[in-house]
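Welcome, and please take a moment with the sequence and the model shown here. A short tour of some side-chain details follows.

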Amino acid sequence: MTPNQQETTIFETRFGRIVGLKENGIIRARSIRYARSERFKKPVAAEASLSSMIVSPEKIPVCPQALSPLVERMIGATPVESFEPDESTQYLSITRPERISENEKLPVVVWIHGGSHEIGCGDLATADPAQWVKEQHIIVVTVSYRLGLFGFLGGDEKRPANLGLLDIIEALKWIKNNIADLGGNENNITLLGQSSGGDAIAHLMISKGVEGLFQRLIIQSAPLGLRHKRQKMSAEFLKKTEVLKDETDVLKMMADYKTLVPSVIKYGLKAAMPFGIQYGFFPLGKEEDATEMWKKNAQKFDVLIGLNNDETAFYLKTSEALNKYFGKGFGLRLMDKTVEKTTALIYGNPARQFAQNLAAAGGNVYLFRIHSKLKDNPIGAPHCIDLPLIFGNESAWKSSELLKNIPWDRIQENGKKLRALWAEFARTGKISETSERPEILEIKKM
């Protein structure tokens with residue numbers, strides 16, 4: 001059945017008439033433009049048009065980017081033929097149950113994807129929320145925003161910092177103003193971010209202009225250990241990429257900036273993520289004030305934060321070069337210790353400190369950790385293993401190296417329980433002691 005033959009429904013909203021496609025118990029309205037922008041300019045909210053019909057485009061708009069060979073291998077090949085590069089990539093998609101009672105207002109989860117602030121989009125099949133929406137009777141909104149050179153590198157008037165973060169704020173304003181017309185509760189909005197998406201939403205807690213836009217956060221695998229003292233690296237990378245700022249061929253622009261990345265390797269682990277949130281530029285304050293700001297805002301938001309037990313195995317244990325020397329015996333023991341130490345440095349210790357700070361300031365916060373529990377799984381529970389658990393979608397993950405030694409039945413069994421817990425948190429801000437937990441999950445109220 002082609003999209004033109006699929007059954008549709010029309011939502012009459014204050015933004016315009018939005019066309020949704022019905023499929024297998026859900027309705028999906030894809031690629032709704034929430035803002036517009038010119039290159040290196042702040043986003044401007046898209047104007048409502050009550051007479052217009054908002055229809056999903058044939059191809060999915062995506063911020064220009066260079067594909068990551070590691071991500072392509074570990075998670076799955078990107079169907080580039082389904083995507084259309086768009087510098088002004090401020091779009092969101094809505095997935096909701098087909099049947100909602102007349103006066104029912106469902107909790108809303110807003111997905112902010114990861115990808116080192118450099119790759120990805122809101123509409124990847126590996127993060128399709130359809131199964132979660134059907135199981136838990138919630139609404140999920142997925143957000144695309146500017147990345148890399150266009151969204152997360154700046155520092156002067158011509159190239160402002162944090163444009164990607166400002167895009168996300170515009171998306172949240174659109175959701176706040178319009179989601180009730182699609183069956184959502186505009187006063188029960190949970191941000192869900194993974195990896196750099198988790199980093200972004202953690203910083204939205206201390207951003208200007210977000211008052212009333214969300215009530216809860218689920219922060220998964222945020223690399224908060226890389227957030228410190230990035231100013232010098234960012235300034236140098238900004239200067240080196242100055243020659244690219246007026247390039248009209250975005251594909252050439254993507255290829256050329258990759259050749260400049262090695263120039264910041266001297267900055268150590270931080271250089272693994274050369275793009276990112278920048279303190280001291282709107283909507284963020286100074287880095288030295290960030291911890292106190294989080295504490296000050298602790299009671300405004302419910303927070304669920306955590307990580308996977310073997311995060312950096314995603315990068316280290318999948319490297320053929322490293323496995324050649326560290327794949328067995330003493331080398332493997334050294335590799336395991338390196339994964340343990342780097343996971344703690346980049347993800348674990350910062351997440352625990354973040355949770356402790358919020359709890360000490362009176363915040364409602366939970367800390368979690370996902371384990372593998374499989375004896376014959378040498379990679380353990382690495383970065384991104386939470387994605388198939390939350391989103392399911394077996395067909396999208398079938399070619400993933402990440403799940404090579406893991407039976408899908410095990411992913412589904414644990415994932416269904418995890419999706420129920422995360423939905424419970426989105427509804428209430430709490431996780432009951434009596435709620436069933438997957439065996440792979442360790443979680444505690446701080």
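Which side chain does lysine 258 meet in a salt bridge?

## Salt bridges across the chain

The partner of lysine 258 is glutamate 118, at 3.5 Å from N to O. Lysine 258 lies in helix H7 and glutamate 118 in the loop between strand E10 (106–112) and helix H2 (130–136), so the pair ties together parts that are 140 residues apart in sequence. A salt bridge here is a side-chain nitrogen of Lys or Arg within 4 Å of a carboxyl oxygen of Asp or Glu, and helices (H or I, at least four residues) and strands (E, at least two) are DSSP runs numbered from the N terminus. Glutamate 118 is buried at 11% relative accessible area, whereas lysine 258 is partly exposed at 37%. For these words, buried means under 20% relative accessible area, exposed over 50%, and partly exposed in between (1.4 Å probe, protein chains only).

Before going further, a note on the source: this is a predicted model, in which local features need pLDDT of at least 70 and side-chain atom pairs count only at pLDDT 80 or more, while totals for chains, interfaces and linings use all residues. Residues are numbered from 1 along each chain as its sequence is written, and side-chain values use heavy atoms, with hydrogens and water left out.

## More charged pairs

The count of salt bridges comes to 23. One of them joins the side chains of aspartate 167 and arginine 146 at 2.9 Å, N to O. Aspartate 167 sits in helix H4 (residues 163–178) and arginine 146 in the loop between strand E11 (139–144) and helix H3 (148–151), so this pair ties together parts 21 residues apart in sequence. Both ends are buried: aspartate 167 has a relative accessible area of 0% and arginine 146 one of 2%.

Arginine 39 and glutamate 87 also meet in a salt bridge, at 2.6 Å from N to O. This pair links distant parts of the chain, 48 residues apart, with arginine 39 in the loop between strand E4 (35–36) and strand E5 (44–45) and glutamate 87 in the loop between strand E8 (83–85) and strand E9 (91–97). Arginine 39 is partly exposed at 22%, and glutamate 87 is partly exposed at 22%. Elsewhere, a network of salt bridges links Arg159, Glu242, Lys245 and Asp246.

## Cysteines without a bond

Why is there no disulfide between cysteine 63 and cysteine 121? The sulfur of cysteine 63 is 10 Å from its closest cysteine sulfur, in cysteine 121, which is too far for a bond. With a disulfide taken as a pair of cysteine sulfur atoms within 2.5 Å, the count is 0. Cysteine 63 is buried at 2% relative accessibility, and cysteine 121 is buried at 3%.

## Lysine 59 and glutamine 194

Lysine 59 lies in the loop between E6 and strand E7 (60–62) and is partly exposed, at 38%. Leaving aside residues up to four places away in sequence, lysine 59 touches Arg30, Glu81, Ser82, Phe83 and Glu84, where contact means heavy atoms within 4.5 Å. Its side chain reaches the backbone oxygen of glutamate 81 at 3.5 Å.

Glutamine 194 belongs to strand E12 (residues 184–194) and is buried, with a relative accessible area of 3%. Among the residues that glutamine 194 touches, beyond four places in sequence, are Trp111, His113, Gln220 and His383.

## Helix packing

Helix H6 (residues 231–240) has the buried residues Met233, Ser234, Glu236, Phe237 and Leu238. These pack against helix H7 (250–258).

Note on methods: Polar contact = N/O pair within 3.5 Å; in protein donor to acceptor, adjacent residues only side chain to side chain.
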